[in-house]
Amino acid sequence: MSLAWATLALILFLLPGVFFFIGLATYERLSREIIRSGVVSEVAMASAIAIAIHTVAIILLGTAGFRLSHFAEPLAEYSRLETPVYVQQLSDRLLPVAAYLAATSAAGFGLGWTAAYFIVCGPLRRLARHKWIYDIADADRKRRYVTAFVMTTMIDESRIIMYRGRVHEIFLGPDGALS
């Protein structure tokens, strides 16, 4: 049973980092290619972001008079307390814990969305793997036209067929090529 609680605690601890990446991916459909890495490094980045968000949240709560040691006291004394008393103390703390998790997850989502906005719109664009794609995406947002000249592999009477037209939708492959 303790393994299940440890897993649940780890998942709840990582929520702000996970929501950071959700926020990062919601601003722009191409944002998934911003920080492309393996699973281990994504979990490490989510952990680092979660630690930062939790640290700031605990510091802010501490300035308002919150003491984590007092709040977590029933967890440390579970062997000395009777079961009904222990359950009552834990149930009294469920709503504040849920509010804290909701607030830190919302903060993670907001930070992720803000980071994606600054990556797409310019100031943090150097973090993107394929920087040029956002020039095209920004042009569409600003109601400018992007004209594409596409050379095909079709040959007709010893001539290669080319198309020219306005770009409406862009799909980016993992290698950075338009598809």
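Helices and strands are here the runs assigned by DSSP, with at least four residues for a helix and at least two for a strand, numbered from the N terminus. In these terms, the loop between strand S1 (147-156) and strand S2 (159-166) is the place of glutamate 157, and serine 158 lies in that loop as well. The model described is a predicted one.

The secondary structure of the chain amounts to six helices and two strands. Read from the N terminus, the order of these elements is α-α-α-α-α-α-β-β. The chain has 179 residues, of which 26% count as buried. Its exposed surface comes to about 12,500 Å², and carbon and sulfur atoms supply 67% of that area. Of the contacts in the chain between residues at least 6 apart in sequence, 58% join residues at least 24 apart.

The interior was examined next. In the largest nonpolar core there are 16 residues, and those with the most contacts inside it are Phe20, Leu24 and Tyr134. At least two residues of this core come from each of helix H1 (2-26), helix H2 (39-63), helix H5 (83-121) and helix H6 (133-141). In soluble globular proteins, nonpolar side chains tend to be buried together.

A second feature of the model is its largest pocket, with a volume of about 1,200 Å³. This pocket is lined by 25 residues, and Ala9, Leu12, Phe71, Leu75 and Val97 are the closest to its centre. Two or more lining residues are supplied by each of H1, H2, helix H3 (68-71), helix H4 (73-76) and H5. The greatest contribution to the lining is that of H5, which gives nine residues. By residue class, the lining of the largest pocket comprises 22 nonpolar residues, two polar residues and one charged residue.

Individual positions in H1 and H5 were then considered. Phenylalanine 21 lies in helix H1. Apart from neighbours within four places in sequence, phenylalanine 21 is in contact with Glu42, Met45, Ala46 and Ile49. The C-alpha atom of phenylalanine 21 is separated by 9.2 Å from that of leucine 111, the two residues being 90 apart along the chain. A further C-alpha distance, 9.4 Å, separates phenylalanine 21 from alanine 116, with their positions 95 residues apart in sequence.

Alanine 116 is found in helix H5. Its relative accessibility is 0%, and alanine 116 therefore counts as buried, the cut-off for this class being under 20%. Alanine 103 is also found in helix H5. With a relative accessible area of 46%, alanine 103 is partly exposed, because this value falls between the limits of 20% for buried and 50% for exposed residues. The C-alpha atoms of alanine 103 and alanine 57 are 8.9 Å apart, although the two residues are separated by 46 positions along the chain.

The loop between S1 and S2 was examined for its backbone geometry. Glutamate 157 has a phi near 55°, which is a positive value in a residue other than glycine. Serine 158 likewise has a positive phi, near 65°, and is a residue other than glycine. As to accessibility, glutamate 157 has a relative accessible area of 68% and is therefore exposed. Serine 158, at 75% relative accessibility, also counts as exposed, since the exposed class begins over 50%.

Technical notes:
Residues numbered from 1 in each chain as written. Predicted model: local features only at pLDDT ≥ 70, side-chain atom pairs only at ≥ 80, totals over all residues. Heavy atoms only, no water. Core = buried A, V, L, I, M, F, W, Y, C linked by side-chain atoms within 4.5 Å. Buried < 20%, exposed > 50% of the residue type's maximum accessible area, 1.4 Å probe, protein only. 1 Å grid on protein atoms, 1.4 Å probe; cavity = no way out; pocket = protein on both sides within 12 Å on 5 of 7 lines; lining within 4 Å. Points joined across faces, edges and corners; volume = space filled by probe spheres on them. Nonpolar A, V, L, I, M, F, W, Y, C, P; charged D, E, K, R; others polar. Contact = heavy atoms within 4.5 Å. Areas by Shrake-Rupley, 256 points an atom, 1.4 Å probe, with all protein chains shown as cover.
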